[in-house]
Every structure is written in structure tokens, then in C-alpha cells.
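Colleague: I would like to go through this model feature by feature. Where should we begin?

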Amino acid sequence: MTNAATLQAPAARPQTGGVAATMKALVYLGDGKKAFQAKAKPKIAVPTDAIVRMVKTTICGTDLHILKGDLPTAKPGLILGHEGVGVVDEVGPGVTSFKRGDRVLISCVTSCGACAYCRKLMFSHCVNGGWILGNLIDGTQAEFVRIPYADTSLYPILEGEDEEPLVLCSDILPTGFECGVLNGQVVPGSTVAIVGSGPIGLAALLTAQFYSPAEIIVIDLDEKRLGIAKKFGATSVINSTDGKAQDAVMRMTGKRGVDTVIEAVGVPATFELCEQIVAPGGRIANVGVHGKPVALHLEQLWDRNISITTRLVDTVSMPILLKMVRAKRIDPKRLITHHFKLDAVVDAYDTFGNADKTGALKVIVES
Ligand SMILES: [Zn+2]
Ligand SMILES: [Zn+2]
């Protein structure tokens, strides 16, 4: 996820004396390094801020990209993390919808609610926010986090509601749903292919079923993940290790290809596979974060009436997803494979970062 918006950190309020309160957090140190260390506890900087005491957070593939140095916007010293649930600790005088003690879900995308992009429901491109948490400002893998524009960037958790499934609503479920399923225009009876069965591909798989497609074909290199895709509702799976995924899809679809193909990996080979298996009139919905150029095969596609969409998650579908989770039409907990305490967050990174060995999908990190 990248966002061109820059947010100046508001000047800290003058110290009134005494020692600044500290907390522990997972800090990016540059050059692939990270540490769980002491940081100053965040303070209300502008009236629309809230301070949230974190209860549960998780680690995203994007955090691993930052550690690798792929995102120059994320500078050393940054607290990582853009997902989670918590309890409001303090609100600025401009916050009207939340108060101290409220349990909240944090959207990975901060929205001011007032700029031209927010008015178009493109929160990801909010000129005052967008994806800033754990990118341009300190994130959620900490004891406390400052949430700008709290009224429009937090969601209430219901009384007595299990908060754990909601951690998956911060980013991964809306990303699979908005960038994959909605942009891919999955409709009843259609044929869908999902390239990549990591957490995001699986989130697309779960949410595609809201629209009752006739077939969902999941393609991956990892047999274990394909097994999970089967359990999550894939009608067929293809192991593409042999390089013959295109032939397999064409065989399964009477040489037609698929109506919607969702790219959930982010490398040239997987995007090119999408171009090879999209049916005439179909859609390629890109979800993957691409770091390299990809060949656009217009010599094959120019007459096939296809559409290609790209998107950064807006979390605009949050109200729908929360209703579906609360109505038990979808169980995001199925994506959770491991639990860690916050002070073992470095171990959580090791487990998540070595998913091929550990079988990790999403790890919960709890305070
Ligand atoms: Zn993420
Ligand atoms: Zn905005």
C-alpha cells in the first residue's frame, strides 16, 4: 500500500514538567532491523485525535515489505502496524462519537471525511490521511496508538462482542472484498479465479461467496494453502508449480477462461497468468502490491472486452463486513493460526515471516 499524501506530524504540546510517560512498541530500525523497545506514549496532538490502548493487533505482509526497505515513506524509528482493536484511552475536544472506555476497531486507512476524495468514498486517497498508520505516523503494534480523525477512522465494537474476528476487518477482509470481489464484479453464477491463496487471497475467497459465483478456482504454489482454500470454499484448486495453470483453467472452463480473475500475489508472473485466463468480457482485479513492471499483453487482449482494475483499500465496505461478521455469514477467525503476547511480537514476526514453514496465515498479537 502506498499513498502520495504526506502528513506533517503536528508539533508536540509543551511538556508541563515531569517525566514523559513511556510504553513498549515494535519499532522499525531500518536495514531490515526491528526491536521491541520503549517509546514515548502518544499524546493528543490535535482536537480530532484519540489515543487508543491496544488490545489486539496483527502483522501484515506490508509490514514485511517495510522491513525489507520497499516503502521509502516508512522511516527508521517508526512504530509498525495498521490493524487492530482497542479501548479509547483519551479523546481530543473535537471528537464527538467516542469517549474514554469505548471499545473500538481501527481502520487501516485514516479518513478526514471532508476532503474531495473522502466525499467520493476514496478514503485511501484522503489528502489528510489515507494509509498513514504504521507508514507515515506511528502504528498499532504498541501499547497505545494515536488515531487522527477518530470520529471517521474508528468503528464501535458492540457490548459483549468478541473483538478477535474484528482484527481481520481492519485491513485484510476489506482489501480482499473491495480490491478483489467488488472491483472484479463477482456476480451469481459467474466463474472466478483467485491467483494466490495467502491471507489476502483467502479473504477474497471468503467474501466472493457473498455473491454466489458458480465456480471459484484458486491457484497457488503451496499445496498446504490450497488445502485451506478448499476448506474455505474453493470449488477447485490448481497447483501452478508445473507452469501449466493456464492449460488447467482452460480445460476447466471449456476453453473460455474466467469472468473475474483476482490477482493476490503482486509479481509479474501472477499478473501475466491473470491476462492469460481472463475470458472475453471479463475483469482482472489487481490486489497485489507490485514492485516491478508487468507486461501488458495488448496483442492478446485488445479485442477481448476486458477491464483491469487497481485499488488501494478504502475500508468503505466496513459497515457491510461488520454486518456479515455479526450475522455469522462469514467467520474471519478461520484466518487466525497463531497467538502471541505483545512482548513476544518479535517471535510473532518470525512465525508470520516464515509462513511456508510455520503454516501461519494471520497471527494475533495481544496486550
Ligand atoms: Zn495491511
Ligand atoms: Zn479526507
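Modeller: We can begin with a single residue, V346, which lies in helix α11, residues 345-353. Keep in mind that this is a predicted model.

Colleague: Is V346 buried or exposed?

Modeller: The label follows from a count of C-beta atoms within 10 Å, and 12 or fewer means exposed. V346 has 12 other C-beta atoms within that radius, so it is exposed. As for its place in the fold, the C-alpha atoms of V346 and L80 are separated by 12 Å, with the two positions 266 residues apart along the chain.

Colleague: What does a buried residue look like by that count?

Modeller: Take R146, in strand β6, residues 144-147. A residue is buried if 20 or more other C-beta atoms lie within 10 Å. R146 has 24 of them, so it is buried. Leaving out residues up to four places away in sequence, R146 touches P42, A45, D49, I51 and D138.

Colleague: How far is R146 from E178?

Modeller: Their C-alpha atoms are separated by 26 Å, and the two residues are 32 apart along the chain.

Colleague: How is the chain divided into domains?

Modeller: Domain 1 takes in 22-170 + 315-366, and domain 2 is 174-309. Their C-alpha centres lie 28 Å apart. Across the boundary, 17 residues of domain 1 are in contact with 15 residues of domain 2.

Colleague: Which helices supply the side of domain 1 that touches domain 2?

Modeller: Helices α1 (61-67) and α10 (318-326) each supply at least two residues to that side. The helix that gives the most is α10, with three residues.

Colleague: How should I read the nonpolar core?

Modeller: In soluble globular proteins, nonpolar side chains tend to be buried together. Here the largest nonpolar core has 106 residues, and those with the most contacts inside it are V52, A193, I194, V195, A204 and L205. Helix α5, residues 199-208, contributes the largest share of this core, seven residues. Both domain 1 and domain 2 give residues to this core, so it lies between them.

Colleague: Which residues is L205 in contact with?

Modeller: Apart from neighbours within four places in sequence, L205 is in contact with I194, I216, V218, A229, F232, G233 and A234.

Colleague: How many residues of α5 are buried?

Modeller: Ten of the ten, so α5 is largely enclosed by the rest of the structure. The buried residues include P199 and A208. What covers them includes helices α4 and α6 (223-231), together with strands β8 (191-195), β9 (215-220), β11 (258-263) and β15 (362-366).

Colleague: Since α4 is among those elements, how do I describe the way two helices pack?

Modeller: Two packed helices are described by the angle between their axes and the distance between the axes. For α4 (residues 172-182) and α5, the axes come within 8 Å and cross at roughly 70°. That makes α4 roughly perpendicular to α5. The crossing of α4 past α5 is right-handed.

Colleague: Which residues make the contact between α4 and α5?

Modeller: On α4 they are I172, L173, T175, G176, F177, G180 and V181, and on α5 they are P199, I200, A203, A204, T207 and A208.

Colleague: What is the arrangement of α7 and α8?

Modeller: The axes of α7 (residues 245-252) and α8 (residues 268-277) come within 10 Å and cross at roughly 30°. That makes α7 roughly parallel to α8. As α7 passes α8, the crossing is right-handed. The contact is made by A245, Q246 and V249 of α7 and L273, Q276 and I277 of α8.

Colleague: What should I look for in the backbone angles?

Modeller: Most residues other than glycine have a negative phi. D31 has a positive phi of about 55° although it is not a glycine. The loop between β1 (22-30) and β2 (33-40) holds D31. With 9 C-beta neighbours inside 10 Å, D31 counts as exposed.

Colleague: What is phi of K328, and where does K328 lie?

Modeller: Phi of K328 is near 60°, a positive value in a residue other than glycine. K328 lies in the loop between α10 and β14 (336-341). K328 is exposed, with 8 other C-beta atoms within 10 Å.

Technical notes. Residues are numbered from 1 along each chain as its sequence is written. Chains are lettered from A and ligands numbered from 1 in the order in which they are written. This is a predicted model: local features need pLDDT of at least 70, side-chain atom pairs count only at pLDDT 80 or more; totals for chains, interfaces and linings use all residues. A nonpolar core is a set of buried Ala, Val, Leu, Ile, Met, Phe, Trp, Tyr and Cys residues joined through C-beta atoms within 7 Å. Helices (H or I, at least four residues) and strands (E, at least two) are DSSP runs, numbered from the N terminus. Domain bounds come from an automatic or database domain assignment. Two residues are in contact if their C-beta atoms, placed from the backbone, lie within 7 Å. Axes are lines fitted to C-alpha atoms, for helices over the stretch in contact, and angles run from 0 to 180 degrees between N-to-C directions. Angles under 35 degrees count as roughly parallel, over 145 as roughly antiparallel, 65 to 115 as roughly perpendicular and the rest as oblique. A crossing is left-handed if the near helix is turned anticlockwise from the far one by less than a right angle, and right-handed if clockwise.
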